[in-house]
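These are my notebook entries on a two-chain model. I set down what I looked up, entry by entry.

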Amino acid sequence: MNELVNQAKRGDPDAFTELMRSQMQNMYKAARAILNRDEDVADAISDTILACWEHLGSLKQAGYFRTWMTRILINKCYEQIRKNKPVSVQDQVPDYGYWENKYENIEWTQTLDSFPQRYRLVMILYYVEGFKINEISKMLDMPKGTVKSRLARGREYLADSFKLCREGN
Amino acid sequence: MKKNKAMYTLQQDVKIPDIVETKASQTFARIQREARTGNEKIIVYDKKIRSPKKKYAVLAMIAVLAVGTVSVYAAYINWSQGLKEELQITQEQQESLQENGMAAFADTSVTDAGITVSAQQSITDNYYTYLSFKVEGYHLEDGKQPDFENVFVTVDGKEDFNSGSSFYNGIIAGNDGMGVYADGSALETRADGSTIQHYVMDDGSMEYHMVLAKSDEKGYFIGKKLHVEFKNLGTVAKAEYFPDITGKWDLDMTLGGADTSTIIQTDEKIGDTGRTLTSVELSPVSIRVSYDADQEAQVEEVPMPTGLVLKDGTKLEGVYGGPGSSGMDGSKYICTYAFERVIDPDQVAAVLIPKNLEGSAEGQDTDYYQVAIQ
């Protein structure tokens, strides 16, 4: 990937397109952990692609590309929330309760949505995208202890859900 | 579901929804097209952060820009009407924010494609900075939502902070946390159920507001150099950005700011939660609270205070404006967030902490712990 990043930094639109396309799964999953509507996810990802294209020159080391891109994506997601906010929010990332009724990705979506909102993003960033705790801490402007406790709570939540499932059976 | 199966499921590739794929493809196509035609407005690489060409003393700022006509004036105090409304800033609070250095003013503007974007002011504390930019010359159709296609911000050349921004829509938070218009009247809706938003001010201009946040480094924004790039102006609806004006507006400004926070040490237990509120750091625009937690409660998250009670008895239930952050830091649990309005820290008697971590059910009043702090 570093070679692609460096080519993109030199202004190669094909390299940039290939680079960002290789990140579509990661971008979608992270954005979907924050935003509930695919319309908003589409906006956030598109804004991120443009921002990355314009400012890739400011990225000092190609090896930090994913962290840098993900941070931009997270900010773009929060902008979407802010744009769509007609009333006050009760949590950092509000749940609008609007659920898309699509059959594709239903198992993935249901699995993600089974977590309380506040654990979703850290779980995705750590367990799915493979970021380290200090990287997540910087991306989310969150103390490392908080990242660890949310991961722990997310795991406990999974364990509790599994226990309830077994007891229910 | 099985723990491992859940993780396995999350790790599997998903089908990118059509709406996401289509919009991304359109964006890539545009980049390809503009790169191949050599459009200078898209391709900027190895861009050095420009230093201000001129500096003005006193309360602010300024420096200059890239494309289009530049006007630079000596700074003078010119409160942003939108920021005054959105943050519900009284005349007395304006004077106080000026006096203590939190409010800083700019009067630099850039004109491109017939649109003038002006940096108006900033309000900065230890963890947040609110910014306001005036946008003139754009004709917004009724019922449309304006937006820049792209906004890029650095502070001292760095991007390691969180941010949120949008055009001010004339809606503010009432004391119960619900939205009302700036004059206090109830929100109105169109026939299709959408809320009527007022983006255009009385003088025909619009305002673009930003909040930048960095809660893990005290004083991060104070006195720093801000660089903002706005690119293209149009409208947004659902998943689409509809381009209208092709232009670029770059502005540099120096933030003001001051550490004016009041830190109240307290030892108030929060009901029967096993948690104790140990300190509250209040500034006119943000709050940072610290809790102790006993061993059992440590792994549980504590709901953050979402409201305040003033000494005159006024209850402000929805003061969360965001961005915010919360979580364990060593043996303490820390919550920090920006207010949705300016407050007088010395008038705060108590914080309101929701009893239910998930919030109240729709239509029901929220039940709070009221924790006295002064």
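**Entry 1: A:Leu125 and the nonpolar cores**

I began with A:Leu125 and listed its contacts, leaving aside neighbours within four places in sequence: A:Ala30, A:Thr70, A:Ile74, A:Gly130, A:Phe131, A:Ile136, A:Met139 and A:Leu140. I note that the model is predicted. I then looked up the largest nonpolar core, which has 64 residues. A:Leu125 is listed with A:Phe16, A:Met20, A:Ile45, A:Ile49 and A:Phe65 as the residues with the most contacts inside this core. Helix 4 of chain A, residues 38–55, gives the most to the core, with 9 residues. Another core, of 43 residues, lies apart from it; among its members are B:Ala213, B:Ile287, B:Phe339 and B:Ile353. I recall as background that nonpolar side chains tend to be buried together in soluble globular proteins.

**Entry 2: The two chains**

I looked up the secondary structure of each chain. Chain A has 9 helices and 0 strands, and its elements run α-α-α-α-α-α-α-α-α from the N terminus on. Chain B has 4 helices and 20 strands.

For burial, I found that buried residues make up 62% of the 169 residues in chain A and 55% of the 374 residues in chain B. The accessible surface of chain A comes to about 6900 Å², with 48% belonging to carbon and sulfur atoms. Chain B exposes about 16300 Å², and carbon and sulfur atoms supply 46% of that area.

I also checked the range of the contacts. In chain A, residues 24 or more positions apart account for 64% of the contacts with a separation of 6 or more. In chain B, 64% of the contacts between residues at least 6 apart in sequence join residues at least 24 apart.

**Entry 3: Helix 3 of chain A**

How many residues of helix 3 of chain A are buried? I found that 11 of its 11 residues, 24–34, are buried. The buried set includes charged and polar residues by name, among them A:Gln25, A:Asn26, A:Lys29 and A:Arg32. A:Ala30, which A:Leu125 contacts, is also buried in this helix. I followed A:Arg32 further and found it linked with A:Asp113 and A:Arg120 in a network of salt bridges.

**Entry 4: Salt bridges**

The count comes to 17 salt bridges over all chains. I looked up A:Arg21 and B:Glu21, whose closest N and O atoms are 2.9 Å apart in a salt bridge. A:Arg21 lies in helix 2 of chain A (residues 13–21) and B:Glu21 in helix 2 of chain B (residues 18–36), so this pair joins two chains. A:Arg21 counts as partly exposed because its relative accessibility is 34%. B:Glu21, at 26% relative accessibility, also counts as partly exposed.

I then turned to B:Lys231 and A:Glu54, whose side chains meet in a salt bridge at 2.8 Å, N to O. This pair crosses between chains, from strand 10 of chain B (residues 225–237) to helix 4 of chain A. Are these two residues buried or exposed? B:Lys231 has 5% relative accessibility and therefore counts as buried. A:Glu54 has 7% and counts as buried.

Within chain B, I recorded a salt bridge between B:Lys15 and B:Asp18, with the closest N and O atoms 3.1 Å apart. B:Lys15 is partly exposed, with a relative accessible area of 40%.

**Entry 5: B:Glu207**

I located B:Glu207 in strand 9 of chain B, residues 206–213. B:Glu207 is buried yet has no salt bridge. The nearest side chain of opposite charge belongs to B:Lys134, 5.8 Å away, whereas a salt bridge requires the nitrogen and oxygen to be within 4 Å. I did find the backbone nitrogen of B:Gly82 at 3.0 Å from a polar atom of the B:Glu207 side chain. Beyond four places in sequence, the residues that B:Glu207 touches include B:Ser80, B:Gln81, B:Gly82, B:Leu83, B:Ser132, B:Phe133 and B:Tyr168.

**Entry 6: B:Ser261**

I placed B:Ser261 in the loop between strand 11 (240–254) and strand 12 (262–269) of chain B. Its side chain makes a polar contact of 2.9 Å with that of B:Asp259 and one of 3.4 Å with that of B:Asn126. Not counting residues up to four places away, B:Ser261 touches B:Asn126, B:Glu281, B:Leu282 and B:Ser283. Finally, I noted that B:Ser261 and B:Pro345 are 84 residues apart in sequence and 8.0 Å apart in space, C-alpha to C-alpha.

How values were computed
Residues are numbered from 1 along each chain as its sequence is written. Chains are lettered from A and ligands numbered from 1 in the order in which they are written. This is a predicted model: local features need pLDDT of at least 70, side-chain atom pairs count only at pLDDT 80 or more; totals for chains, interfaces and linings use all residues. Side-chain values use heavy atoms; hydrogens and water are left out. Buried means under 20% relative accessible area, exposed over 50%, partly exposed in between (1.4 Å probe, protein chains only). Contact means heavy atoms within 4.5 Å. Accessible areas come from the Shrake-Rupley method with a 1.4 Å probe; for residues, only the protein chains shown count as cover. Lys and Arg count as positive and Asp and Glu as negative; His and the chain ends are not counted. A polar contact is a pair of N or O atoms within 3.5 Å; within protein, one must be able to donate a hydrogen and the other to accept it, and residues adjacent in sequence count only if both atoms are side-chain atoms. A nonpolar core is a set of buried Ala, Val, Leu, Ile, Met, Phe, Trp, Tyr and Cys residues joined through side-chain atoms within 4.5 Å.
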